[in-house]
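Hello,

Here is the structure you asked about, with the sequence alongside. My notes follow below.

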Amino acid sequence: MKFYNTLTRNKEEFVPRDSGKVGIYVCGPTVYGYVHIGNARPYVFFAVMARYLRSIGYEVNLVENITDVDDKIIERAGKEGVPAEQVAETYAQAYLKDTDALGLGRPDIEPMATRHIPEIIDLCRRLVEAGMAYETGGSVYFRVGRSAGYGKLSGQKTDQMKHCELAREGESKESPLDFAVWKGAKPGEPSWDSPWGPGRPGWHIECTAMSLKYLGQSFDIHGGGQDLIFPHHENEIAQAEAVTGESFARYWMHNGMITTKEEKMSKSIGNIFLLREFLKKYDPRVLILFFLGSHYRSPLEFSTANLEEAASRLERFKNCFWKAGSLLAEAELSAAGPASQGEDLAGAIERAEAEFQAEMQDDLNTAGALAALFGLVRQINEYAVAAANTGAVDAGLLGRARDLLARLLGILGIEIGAGDYAETEVEAELLELIRQREEARRAGDFTAADAARDRVAAAGYEIRDTPQGPKLVKKT
RNA sequence: GGCGACGUGGCCGAGUGGCUAGGCAGAGGUCUGCAAAACCUCGUACAGCGGUUCGAUUCCGCUCGUCGCCUCCA
């Protein structure tokens, strides 16, 4: 299995530190606002990655932090006139609620910065003791100049950086490149006692402290959005390697940005689209399919057209399950299916599994994996046509095909179930309408038949006439 | 100024030194009272210019264009 490693800028064979186990740390959101689509991408991608790794037998420990103390949170609190802690609490809860709705489960550990202050202070202290950081004015700064290999992740050279020329006000750093690991508290800000007086963690230190705590040194995979490569991840590496002397994370994986009108979606630009708003209009699986339809490292344009396409893809999967399900429900188990189509379907089952695996093993190429699944969908549909024509179904074979599709889609986080077509337990009123429509059709009164169909449609169901009679499908 | 990514048919989007991506939309057909779903058929795409090669969309160089990072950002 190969992953693209930002550190080496190459696809590399993945070898876990501990055989059979994978430790992943992902930088989650800073909770000063509702989760937007851009935030959702790494959440979804790494959740799918963990699912896939588990499906092939790895024991996965997925750690995804929530940053609950930060300049932006304090800023927001000031604007709203509420304590910073309350802002963090409110949006952390909202983050959990909104992402829960995607149905991908939770990461194994979701550590919060404010619950790890002792670890953070300890890390700062070790940096100071090692001469890699220094206190000034109640804050502690990392000495970038002493960090060997600084810039190895981002390719940045310190002497070429723009902000070399920028001096921030109110800081007394030795070098403009130095960054805070501990920020001295200003009045009204959340703070904790430390050897350097009251203060709070710098932006990068929490991730170093928490990843080392939960995953140990030289853990497997560190991920996040591409916009975190510099300075966040670069600084995490500098801090960790300054105290451990060992490599921090061995594989760095970064997802591409979500754009709108070809511009990055970000809170500072203000062109964000909230996950909760999305979920009011779309099935959560539409978002997953939207993300998975392109490679995780590519930028992805958030547009109505692209979402509609993802929605159509979901419909195609659902229709396939519906067709296979109806056929299986009526099939006589002993019946033999159409021979030549059966061979095709048997072949398609093997091919889909093999292609799916090959694509996922190649840097988690979910777009290719989906293509493999659509290949199986087509074969199932073809088989359904042949079965309808001949009246014979090999239920075992068709069942295997459907179950494989369900299993592989499930790995990708797409579950399709009875709730999607609800053929049973339909309200009596609807059944009566269908009966009336059938009666009207037999009588040749198509105006009345269509009127009945319209009423069924108004109730949220679509009628599909099949050789076995009319069927109901839930509309989305 | 520095670092990096990318430019594929109407659209989205994989991928490859010579062999079908896939999806969406569209056209025609099958089925249907009409639909819906599904199936069948249909599109000689790889920014431009050079180079390497028997052969390049795929490798190399240049040009043009787009985007991201270098400041908070997933």
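This is a predicted model. I start with a helix pair: the axes of helix H11 (residues 366-390) and helix H12 (residues 395-411) come within 11 Å of each other and cross at roughly 155 degrees. Since angles over 145 degrees count as roughly antiparallel, H11 and H12 are therefore roughly antiparallel to each other. The crossing of H11 past H12 is left-handed. On the H11 side the contact involves Leu373, Leu376, Val377, Ile380 and Tyr383, and these meet Leu397, Leu398, Ala401, Arg402, Leu404, Leu405, Leu408 and Leu409 of H12.

H12 has another helix against it. Helix H9 (residues 304-330) and H12 have axes that come within 10 Å and cross at roughly 150 degrees. That angle makes H9 roughly antiparallel to H12, and the crossing of H9 and H12 is left-handed. H9 contributes Phe317, Cys320, Phe321, Ala324, Gly325, Leu327 and Leu328 to the contact, while H12 contributes Ala395, Leu398, Gly399, Arg402, Leu405, Ala406 and Leu409. Leu398, Arg402, Leu405 and Leu409 of H12 are thus listed in the contact with H11 and also in the contact with H9.

H9 and H11 turn up again around helix H8 (residues 284-292), a helix that is mostly covered, with eight of its nine residues buried. The buried residues of H8 are Arg285, Val286, Leu287, Ile288, Leu289, Phe290, Phe291 and Leu292. Their cover includes helix H1 (37-55), strand E11, helix H7 (275-281), strand E13, H9 and H11.

E11 and E13 belong to an open sheet of three strands, ordered E12-E11-E13, with mixed pairing. Strand E12 (263-264) and strand E13 (300-301) are at the edges with a single partner strand each, so one side of each has no neighbour in the sheet. Strand E11 (residues 258-260) runs parallel to E13, and two bridges join them. Within that pair, Thr259 is opposite Glu301 in E13.

Now the other sheet with a listed strand order. Four strands form an open sheet in the order E5-E6-E7-E8, and the pairing is antiparallel. Strand E5 (133-136) and strand E8 (199-201) are its edge strands, each pairing on one side only. From one strand to the next, the twist averages 25 degrees. Four bridges link E5 to strand E6 (residues 139-142) in the antiparallel sense, and Ala133 has Phe142 of E6 as its bridge partner. Helix H4 (residues 117-129) packs on this sheet and touches E5, E6, strand E7 (179-184) and E8; the direction of H4 makes about 120 degrees with that of E7.

Which residues does Gln239 touch, leaving aside its neighbours within four places in sequence? They are Leu127, Phe142, Phe179, Val181, His204, Ile205 and Thr208. Gln239 itself sits in helix H6 (residues 229-244). It has 0% relative accessibility and so counts as buried, the cut-off being under 20%.

Near the N terminus there is a hairpin.

- Strand E1 (residues 2-5) has alternating side chains: Phe3 and Asn5 point to one face and are buried, whereas Lys2 and Tyr4 point to the other face and are not.
- E1 pairs with strand E2 (residues 10-13) in the antiparallel sense, over four bridges.
- Asn5 is placed opposite Asn10 of E2.
- Four residues lie between the two strands of the hairpin, and Arg9 takes a positive phi near 60 degrees there.

Ala249 is another residue to look at. It lies in strand E10 (residues 249-255) and is buried, at a relative accessible area of 4%. Leaving aside neighbours within four places in sequence, Ala249 is in contact with Leu7, Phe219 and His222. Ala249 and Phe219 are 30 residues apart along the chain, and their C-alpha atoms are separated by 5.0 Å.

Last, the overall division. The domain assignment splits chain A into domain 1 (2-301), domain 2 (310-416) and domain 3 (428-474). Between domain 1 and domain 3, the C-alpha centres lie 54 Å apart.

Regards

Definitions and conventions: Residues numbered from 1 in each chain as written. Chains lettered and ligands numbered in written order. Predicted model: local features only at pLDDT ≥ 70, side-chain atom pairs only at ≥ 80, totals over all residues. Heavy atoms only, no water. Pairing = 2+ DSSP bridges. Domains from an automatic or database assignment. Buried < 20%, exposed > 50% of the residue type's maximum accessible area, 1.4 Å probe, protein only. Axes fitted to C-alpha atoms, helices over the stretch in contact; angles between N-to-C directions. Contact = heavy atoms within 4.5 Å. Parallel < 35°, antiparallel > 145°, perpendicular 65-115°, else oblique. Left-handed = near helix turned anticlockwise from the far one by under 90°.
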